[in-house]
Structure formats: C-alpha cells, structure tokens
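Here is a short tour to read alongside the structure. Have the model open and follow the topics in turn.

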Amino acid sequence: MNLTKRLLLSLAFVLPVTTAAQSISQSQIEQFKSMPRAQQEALARQYGVDLDSIASSASQQNERPQNVNVVEPVNAISDEERERARQERDNNEEQDRKNGGLKPYGYDLFVGSPTTFAPVTEIPIPNNYTLGPGDVLRVQLWGKENQQLELPVSRDGTISFPQSGPQTVAGLTFDQARQQIKKRVSEQYIGVQASVSLGELRSMRVFVLGEARNAGSYTVSSLSTITNALYVSGGIKRTGSLRKIQHKRDGKLVGELDLYDLLLAGDTSDDNRLQPGDVIFIPPVGDRVGIDGEVYRPALYELKGGTNLQELVNLAGGLTPQAYPQLVRIERNNDDFLRIIAEANLTTPKGRQAKVKPGDRIEVASISDITGQYVEVKGAATRPGRYAWVPGMRVSSVIQSLDNDLLREADKRYAAIVRTEPETDTVSVINLRLRQALDNPGGENDILLQEKDQFLIFADEGKVSAKTSDRNDSEQEEARRRNMAAAEVEETDYSRFSREALFAPVLQRLKAQAKPGAPQQTIQVTGPVRYPGEYPLPASRQVSDAIYVAGGLKDSASLYTAELARFGVDEEGTGETRIISLNLEAVMKGEASAALKSRDRLLIKSIPEFAQARIIELDGEVRYPGQYTIRNGETLRDVIERAGGLTENAFPEGAIFTREKLRQLEAQRLREAEERLQGDLVGVQLEGNDFGGQNAERTQQVQDLLEEVQDSRPVGRMVINLAAVVGSDDYQPIRLQDGDTLTVPTIPQAVSVFGEVQFPTSHLHSEGLTVDDYLERSGGPTRQADEERVYVVKADGSVMLPEKSRWFGGRSQQLAPGDTIIVPIDVDRLNQLELWSNVSQIVYQMALGAAAVGNL
C-alpha cells in the first residue's frame, strides 16, 4: 500500500510537468493497473489524481514512432503512369537504335519498381549503430531477479529504466549504450546481470534527388543504405550517372558511390548507411563510350577519369574466344566534327594504353571461320558439322556406317561433295555413289578428300512420305505417346535436307561464277524421275549420271525416247535452241552416250496412259455388280456384257447413269443460280413492304426457293435408254469415262408427286389413272402452284412438258410406273421479279434429282 501511495503521489506531482513523466517506471504503472477499479478510484480521489491522465501518461511512455511504409501497395497502375512508362520505353528504344543497338550498362539493376517496402531488420546490428528516438532496446535481467524489458527511446532521447529513472541514450552508439546499461544494472541491482540487444528500429526520412526515376522524400529504415533508397525511389534514369552518386549531409558531401564497383566487383564499401535528413543526389550522366563485337558485355559505358582501351575491355567483361585482338576499330569524332575510324592492336602495350574519348564507338573484330584443315558434313547425318582433315582422308574416313552415321530418312545411295578450288575460289560438285564407296573402302568410289570439302547428305523423300503416312494411320497412338512423354523432342523438318534446299546455295554460286569461256555449269532434269529439278552439271557429263543424281527413273518413264534441249549461239551470234532425241534405253545400258553441256534441259517422257485405271461402277440389278476397269474406247454395252447382263427384276427404263463431269457442271450451274436468286432477294427486300403485304409474301417465297436450291445436290445424271443400249445395235454407243456409274433399279410400282401439292408423296401405280387423278390423290395443288406448267419426269429421266392445247384436259395421258409428277411454283405471282428465267433450270435440276432419288 505504501508503494501505491508513493506511486500516486509521484503521479500527482509529475503529471502537470511532461518533462518529468519519465520518473514513473513501467513496473509501478503495471502495479497500479493490477489493483481493483474501486481501489484505483478511491486512491485517485484521495490524492486528487485523474485516472484518465494516468492511463494517458502510461500510454505515452510506451509510445514510439511507427514505421511508415515507404511505398504503399499498388494494385493498379493509373493511365497517366502507364502512358509515361510507354513514352519512356519508346524513347529508350529510339535511343538504342541511334546507338546501333547498344544499351547503357547497369540501369537494369533497378528494373521495375517495388510494390511495398519491408526493410529487413532481423540482422546483426553493428556496434557503431547510433541510437535515436524510435529505437527499442531489449534488456534481459537474470540472476537474483529475472525480467525481460523493452525500453523504447523516447522523443527526448531517454529510456525509462524501472526503479532507476531515465537514462539518456540518444546519440550514443549501440555499443556505448549497452555498456552504460550493464554498468547501471551492476551498480543498482545486486546479484543481477543484464544482456542488451536492439529490438525494433526507428524509421527516418531521407531525400533522393536529381536524375532519380521518382525523385522525392522517402521514409526508410535506420539501417538503410544508399542503394536501399535508390531502389525505393525506382532507380536511376538513363540520363543519370551511375558512377558519381553523391551522399550529402547538412549540405556537405559525405561520400560518393560508384555503382560500377557494385555491379562489376560486388564492392559495397562505399554504400554508406543513411541518417535522418540525408540527401542522395544523382547528377547527370557523364561521358559515355560504346563497345561492341567480340566482348562479353557489349554496351555503353560511363567513363570516370581517364580510361584506356584495356580498361574499357575489362569493363565489358573481357574478350571472347572468337575475338581478334589485333584489330580493334575505333570510330570517333575529329576536330572538324566528322566521324573517322582508327585502329588499335590490343596485343601491344601501345594499343592497350590507347585513350578512349567521349562518344567513341569501339568494335572488337572476330576471327574468321576456321581457315582450313577441315571437312564438313551437312544434311541428313546423325552428327553433322566439321571434322578435322588430314592428308589421305577418304569418304569412308568420315562416313563409316550408313546406319549409324546417317538418319533413317537419308538417301543412302547418293551424296554430293562440294569442292572449292583454293587458287580460283570456284566451286565444283562431285557426285558420290555413297553405298558403293563404303562397300569398297579405298576403291574408285571412295574418293580422296581435300580441305574444305562439303558432304551433302540428302533426305529420301520416299522414306519421309512413308513415315508421314504411317504417322497419320496411327494418329491416336502417337497422341497417346505425346501425352505420356514429359518433354517431347521437336520433329525434324526433313524438307531442309532435300536436294532442292541443299543444292540451292551451290547452284547460286555456280551461276555467279559463270563468265565467257566458263559457262554456267548447271542442267535441268524433268519428267518421270524421282527428284526432278535443277542440278550441277555432272563431272562425267553423262546423261545416265544426271538421271542418277535426280534419283533415278520412275517406272512410268519411257525408255524408247527422250529429249535434250540445248541452248547455244548460231554463227550470227544469236541464241538458238536445238532438240536432240535420245534412245534412253541405249543410254542407260551404256550402248550410246550423249555428252551434256551447260544449261542443257533433259526431258524424260512418260509412257502414254501408264497405269491410268479408269473405273465404272455397276450397281443394282446386274448379274455381277461392282467396279469394273474399262479400256480405252470401251462402251457401256461392253461392260454390261462383262457383268453378265441385267437380272430378271431389272427395270432398264429407270436406270440412272451418272457422270462426274456432268455433276461438276451441274454444281457450277447451281452456284450461279443461287447467286442470281440472292441478288433477286436483295432487290425484293429493298422495295420494302406495301400496303397489302405482298412484298413480304414475295420475299418469303424467294427465300423458300433459295433454300431449296441450297439444299439440292447435283446428280450428274445423263438420260439414256438402257433397254436400247443393251438390246439394239442401232442405238448410239455410250463411250465410258472414268468415274461413270450405272444403277439399275428393280421394277417399280409407284408414281411420285412432288412440288406445290398439299401432300407430296408416292402412290401405287394403277392402270387408267391420269395426271389429274394422281394430283387429286395428293390433295390437289396449293395456292402457289402453277397448274399450267405441270410436267412429268419419266423413269429414265426424260421430261414431258405440257402442250399449248392443255394436253391434260383430255384426261387421256397415261403414266407408267416410276414416273414423277412435278407441280412447279407459280412464278407469275411474283410479278415484279423476272424469276422464271433464273429458276427454270434450277427447278429442272431438282426434278431430275428427285426422280433419281425416288427410283434408287
């Protein structure tokens, strides 16, 4: 109770004086709070103390400045910021183009901007750390008394030690404050020892000015350094210097940071720790020089002081293995403001010490490709590339196995060797029979190689096509394997190994080196060879070798004759073309020879009508239906006889004979009619609706007719009299074509009624019934029917049109089984459209199609 009274007396006297508030210890306040509320109020009334003031004082003693996030979380970028970023990016790209693609070095360190700032505080505190308001000291007491204290540094720079009064620590280093607290505890607390550590850190405000991306004042952690503040401000603009970042305090220069030391050597010795009110000033960028070529980091580098060529190369990461240090080009401005080019040799001390100037552009040249002592393999090889050449090397020294050294899809019969003559720098092509060369190492075909020879290994397009076909046949299995594989190797593009692709640069070189007296050494092979195209002229100049290079003859090639077109100049100096006929069989057997010359064009002729299978399909009531191969000039009657003739149930009057060319013609006519109808429909719609709604009715009718045309399918039927074809010698013979079909139906029993009737259907044929009778059985014509133009499609596809004398009027017209009655639409009701000329052929075609379908 005495302690409580002393506490309240102290509170009563010191509360009016804010500076003495630190005399109340935290333990005393906690003891007062532990009392019941009634006892607190009674003591407060007795000593005239306000409880709210006590609570407020206690909260003030525990209060410390709060850390403020430097950069608030950004959930969305404003349109203004996005536009500014886009303009900055465009400006940077434009500047890079002006610099030949070189970018300033080091600015990517601050790519992007932080979304929030959370400084790392759980790190060892250096002994020279200076304490200030807002820091928290953690004191652990042990021994006679065990206690964990958190003592914040108040705004007046003191901490409130329990039962000991305030102690000033602001301005002291952490090590000094720790020693003072330990000493005070040892003096005032008998048998108690103390351990002091630093808890939460204070925050402070610094300024980032100059060429910062977002210049301004920032609140950072007390442990923040210059680079921390630079990162918070978004980094440095390209117009700012990376090598002369100034650290100022109270208007005086404290230090200077060179970010190149950090970027190139990881040196942070100049990355000073900040204090409240410090200023980081980024001056404009200094002189720059660009370096390109065979260095590891081509870029624009900022100079600092005098820099020589070797130092600049070191900044760029050094020379690559492909660098040619004896030639370094320096492009710079002279005194007359003109661009000049100088050269330096980095292998000499003078070249290494050569000074670089602002605006220079230095390019380190690269060594050329290997100058010799190699042969190269290109194309469909398992291990393409360059191989060391030694004297006496042959083809079998490089390609040792057709199975192991070549891809499965490679052409293992033929390869080419492209040879460059060192004295004239011209190329020539040596044709290689690859299989024979490997079967007999050291033989005639195992050619001796020279430096820089190139092997061209071609893909066999036949194998590639077969592989593609197999892949299509097993598409589901392949998809399953792709799903099971974690990473699938990209499929090889064999087209780049074709003769055309690999020979293209060789042919271009041969054409470029042609001159008078040394004509272009190329030929062309066309016709039924495996790979027709343009090829280098064989060294043997033999036709058989040219055919071998083109992959050989196909089985459709004619051995009786071939043509050789030769281009030359006549006696008057005018170009002329001669045609030379060849006996190809004798040439291939070696019994005759024909020497090829520059630009010759060899034409291999095909066997006429070789393996051209023309087929007609017989279906329905024939003795042996199926697909029959027809000979040239064979007639329909001949094929029916080969098929055993017609059966007893055949109905020849309703036979359907279709031809593919006719079907294509009908399809074209239907497309043209559809386009015309669409144009007429647009015309009706543009007229708008009238008072009686007749235009709307016409529009609907045209739309219905258009839909019928769109739904109709071309048949390609040709009307024939099959009974006369089979039984009469006087009937015109029908010469067959590939794709013809003949369908012979069974004897029908129905008559069909289509078109504008109430119920289109088929009726059982009855003797004596006329057209009007069948129309009546189908419910009669509709309102849109044109009764004046009713016609009948006979079973054989022929059409019977009405006569001017109304031939239906006598009721005497008899119908046969399989006939079809067509009731067309009354196009005269559409009086503002001239549709009859447009749709008459369409209706006719649809009628034929309907008759064909009805008789199948």
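K452 is found in the loop between α12 and β20, and that is a good place to start in this predicted model. From there the briefing moves to aromatic pairs, salt bridges, a charged surface patch and one contact between residues far apart in sequence.

**Backbone angles in loops**

- As background, most residues other than glycine have a negative phi.
- K452 has a positive phi, near 70 degrees, and is not a glycine.
- With a relative accessibility of 36%, K452 counts as partly exposed.
- D425 is another non-glycine residue with a positive phi, in this case about 60 degrees.
- You will find D425 in the loop that runs between β18 (410-420) and β19 (427-433).

**Aromatic pairs**

- Searching the whole structure gives 7 aromatic pairs.
- One of them joins F458 and F503: the ring centres are 5.0 Å apart and the planes meet at 40 degrees, so this pair is tilted.
- Because F458 belongs to strand β20 (residues 454-459) and F503 to helix α15 (residues 499-512), the pair ties together parts that are 45 residues apart in sequence.
- F458 is buried, at 0% relative accessible area, and F503 is buried too, at 1%.
- F503 also pairs with Y535: here the centres are 5.9 Å apart and the planes stand at 90 degrees, so the arrangement is edge-to-face.
- This second pair links distant parts of the chain, with F503 in helix α15 and Y535 in strand β22 (residues 533-536), 32 residues apart.
- Like F503, Y535 is buried.
- Put together, Y414, F458, F503, Y535 and Y548 make up one aromatic cluster.

**Salt bridges**

- In general, side chains of opposite charge can pair when their charged atoms come close.
- The structure contains 28 salt bridges.
- R433 and D545 form one of these, with their closest N and O atoms 3.1 Å apart.
- R433 sits in strand β19 and D545 in helix α16 (residues 543-549), so this bridge ties together parts that are 112 residues apart in sequence.
- R433 is partly exposed, with 25% relative accessible area.
- E331 and R339 meet through their side chains in a salt bridge of 3.4 Å, N to O.
- In that bridge, E331 is partly exposed at 30%, and R339 is partly exposed at 42%.
- E660 bridges to R663, where the closest N and O atoms are 2.7 Å apart.
- Both E660 and R663 belong to helix α19 (residues 660-687) and are 3 residues apart, about one turn of the helix.
- E660 is partly exposed, with a relative accessible area of 31%, and R663 is partly exposed, also with 31%.
- Elsewhere, salt bridges with shared partners join R243, D258 and K304 into one network.

**A positive patch on the surface**

- R413, R435, K463, R530 and K554 form a positive surface patch.
- Within this patch, R435 is placed in helix α12 (residues 434-439).
- R435 counts as partly exposed, with 40% relative accessibility.

**A contact between distant residues**

- T658 lies in strand β28 (residues 656-658).
- How far apart are T658 and L742 in sequence and in space? They are 84 residues apart in sequence and 6.6 Å apart in space, C-alpha to C-alpha.
- T658 is buried, with a relative accessible area of 14%.

Key:
Residues are numbered from 1 along each chain as its sequence is written. This is a predicted model: local features need pLDDT of at least 70, side-chain atom pairs count only at pLDDT 80 or more; totals for chains, interfaces and linings use all residues. Side-chain values use heavy atoms; hydrogens and water are left out. Patches are made of residues with over 30% relative accessible area and no salt bridge: like charges are joined within 9 Å, nonpolar side chains (Val, Leu, Ile, Met, Phe, Trp, Tyr) within 5 Å. Accessible areas come from the Shrake-Rupley method with a 1.4 Å probe; for residues, only the protein chains shown count as cover. A salt bridge is a side-chain nitrogen of Lys or Arg within 4 Å of a carboxyl oxygen of Asp or Glu. Lys and Arg count as positive and Asp and Glu as negative; His and the chain ends are not counted. The place of a charge is taken as NZ of Lys, CZ of Arg, CG of Asp or CD of Glu. Helices (H or I, at least four residues) and strands (E, at least two) are DSSP runs, numbered from the N terminus. Buried means under 20% relative accessible area, exposed over 50%, partly exposed in between (1.4 Å probe, protein chains only). Rings of Phe, Tyr and Trp (its six-membered ring) pair if their centres lie within 6.5 Å; planes under 30 degrees apart count as stacked, over 60 as edge-to-face and the rest as tilted.
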